[in-house]
Amino acid sequence: MKQFTWGIIGPGKIANKFAIALTLVEGTSLGAVASRDIARAKSFAEAHNVPTIYDSYDQLAADPSIDAVYIATPHGYHAEHASLCLRHGKAVLCEKPMALSARQVGEMVDTARANNAFLMEAMWTRFLPLTEEITRQIADGQIGDLAISAPTSASPPPSTPPDASTTSASAAAPSSISASIPSSSVSIFSANPGRSPLPATSRQPAPTTPATPSSSLPKASSAVITSTLTCQTGLTAEIAGAHAAIHILSPWYRNDRFTIHKNNRDQAAGEPILIQLEPMINGFEYQIRETMNCVSTHLIESPKMSFDFSLLMARTMDTIRTQLGVKYPTE
Ligand SMILES: NC(=O)c1ccc[n+]([C@@H]2O[C@H](COP(=O)([O-])OP(=O)(O)OC[C@H]3O[C@@H](n4cnc5c(N)ncnc54)[C@H](OP(=O)(O)O)[C@@H]3O)[C@@H](O)[C@H]2O)c1
């Protein structure tokens, strides 16, 4: 079988994690890395045994030996860098959030379709054994109709708060209030918000303050998704239904185990059932395999992480930003 060759644009922190996962995925290799700074490309290449380095993203996009490109630049540049690769016919795995706005995501999807090239948002949590197993348990009716899901995400405040009013902030910092929390949270339940999340709350400056969207899910379920940068909380999650509740310990978005607690009304509830899943490399391997599987079957869109889902998340984030009063200079 032909080796599947990846390229990386933007060798920063997350690209490092991607490269580590890639070394342990069968049938693939890292063929090239591109940085605006050749010294950074060289040091990344040395750390991860990458044979080719470029000091321009255009050169990597044009490299005929590369099958797929992982875009790991700040999300203010995703639309530009992903589209560059798509126009060269490369498959693209684009870091999340896919872009600054739903308008940009729509343009990227159009470019993928026009060039018959694969595009997927790197929503890695969507492909984890945890997500797949919980989705299966819910679909099998083990939990019953969902009444509530309550994931939380919180980190300590950044030492230097981002400034949303500047151009550089539009390139990098706003991901701090951005798509990963609602995206991960909604994706783990395989559900779409029934209406826009309301309300996001904010104290100035917006990017460092809490965003607490709550959205309706199908079947009269509800989700409470809390995200804040002002404090650190336990990253646990609960999904409760008519028959049972699922508890995921910290960190809920990348765990390899969870427990099922039968409803107390059932006299035969018994002890919680521990579901132990396969050990992970670092969680990125599943999105890598999904990309390779889709490309090998000539898909331009993943059935598990569709264009519509990325558009839905981008629209959700547009709504949250509007509620918080955050406007990018490019809008
Ligand atoms: N999946 C996840 O869980 C997760 C977690 C964290 C971040 N992310 C996403 O991953 C992306 C990268 O995050 P990161 O933490 O890896 O960032 P980072 O360490 O700052 O790296 C970003 C890279 O982008 C390149 N870049 C191009 N234009 C840039 C600009 N104007 N300003 C700064 N960097 C620029 C830089 O590479 P060169 O200068 O070398 O070309 C830099 O190495 C973001 O979209 C972020 O939202 C995802």
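**N49 and its surroundings in a predicted model**

N49 is exposed, since just 10 other C-beta atoms sit within 10 Å; here a residue counts as exposed with 12 or fewer other C-beta atoms within 10 Å of its own, as buried with 20 or more, and as partly exposed in between, with C-beta atoms placed from the backbone. The model is a predicted one, so local features are taken only at pLDDT of at least 70 and side-chain atom pairs only at pLDDT 80 or more, while totals for chains, interfaces and linings use all residues. Numbering runs from 1 along each chain as its sequence is written. N49 is not a glycine, yet its phi is positive, at about 55 degrees. This residue belongs to the loop between α2 and β3, and it comes after α2. Helices (H or I, at least four residues) and strands (E, at least two) are DSSP runs, numbered from the N terminus.

H298 tells a similar story: it is not a glycine and has a positive phi, of about 60 degrees. It is found in the loop between α9 and α10 (307-324). H298 is exposed too, with 8 other C-beta atoms within 10 Å.

As for the chain in general, it has ten helices and 15 strands. Of its 331 residues, 46% count as buried. Two residues are in contact if their C-beta atoms, placed from the backbone, lie within 7 Å. Among contacts between residues at least 6 apart in sequence, 66% join residues at least 24 apart.

Confidence varies along the chain. The average pLDDT (the predictor's confidence in each residue, from 0 to 100) is 82, and 77% of the residues score at least 70. Over residues 160-198 the pLDDT stays under 50, though the model has 100 contacts beyond four places in sequence for this stretch. Residues 203-218 also have a pLDDT below 50, and the model gives them 66 contacts beyond near neighbours in sequence. Where pLDDT is low, predicted coordinates should not be read in detail.

Turning to the ligand, 22 residues surround it, and G10, G12, K13, I14 and S35 come nearest. A residue is near a molecule or strand if its C-beta atom, placed from the backbone, lies within 6 Å of it. By class, the shell has ten nonpolar, six polar and six charged residues. Ala, Val, Leu, Ile, Met, Phe, Trp, Tyr, Cys and Pro count as nonpolar, Asp, Glu, Lys and Arg as charged, and the others, Gly among them, as polar. The ligand lies between domain 1 (4-124 + 284-314) and domain 2 (126-282), because both give residues to its shell; the domain bounds come from an automatic or database domain assignment. Helix α1 (residues 13-22) gives the most to that shell, with three residues.

Helix α1 also has a buried side, made up of A15, F18, A19 and L22. Seen down the axis of α1, these buried residues fall within an arc of 100 degrees, so they line one face of the helix; the arc is that of the directions from the helix axis to the C-beta atoms. Their cover includes β1 (4-9), β2 (28-34), α2 (38-48), β4 (68-71) and α9 (285-296).

In α2, the buried residues are A41, F44 and A45. They fall within an arc of 100 degrees when seen down the axis of α2, so these residues line one face of the helix. On the other side of α2, A39 and E46 are exposed. What covers the buried residues of α2 includes β2 and β3 (52-54).

Helix α6 (residues 129-139) has L130, T131, I134 and I138 buried. They cover an arc of only 95 degrees around the axis, which puts them on the same side of α6. Exposed residues R136 and A139 are carried by the face of α6 turned away from its buried side. Just after α6 comes G141, with a positive phi of about 85 degrees.

Finally, the cis peptide bonds. One joins K96 and P97, with omega about -10 degrees; P97 is in the loop between β5 (91-94) and α5 (102-114). The bond from S250 to P251 is cis as well, with omega near -5 degrees, and P251 is found in the loop between β13 (244-248) and β14 (257-262).
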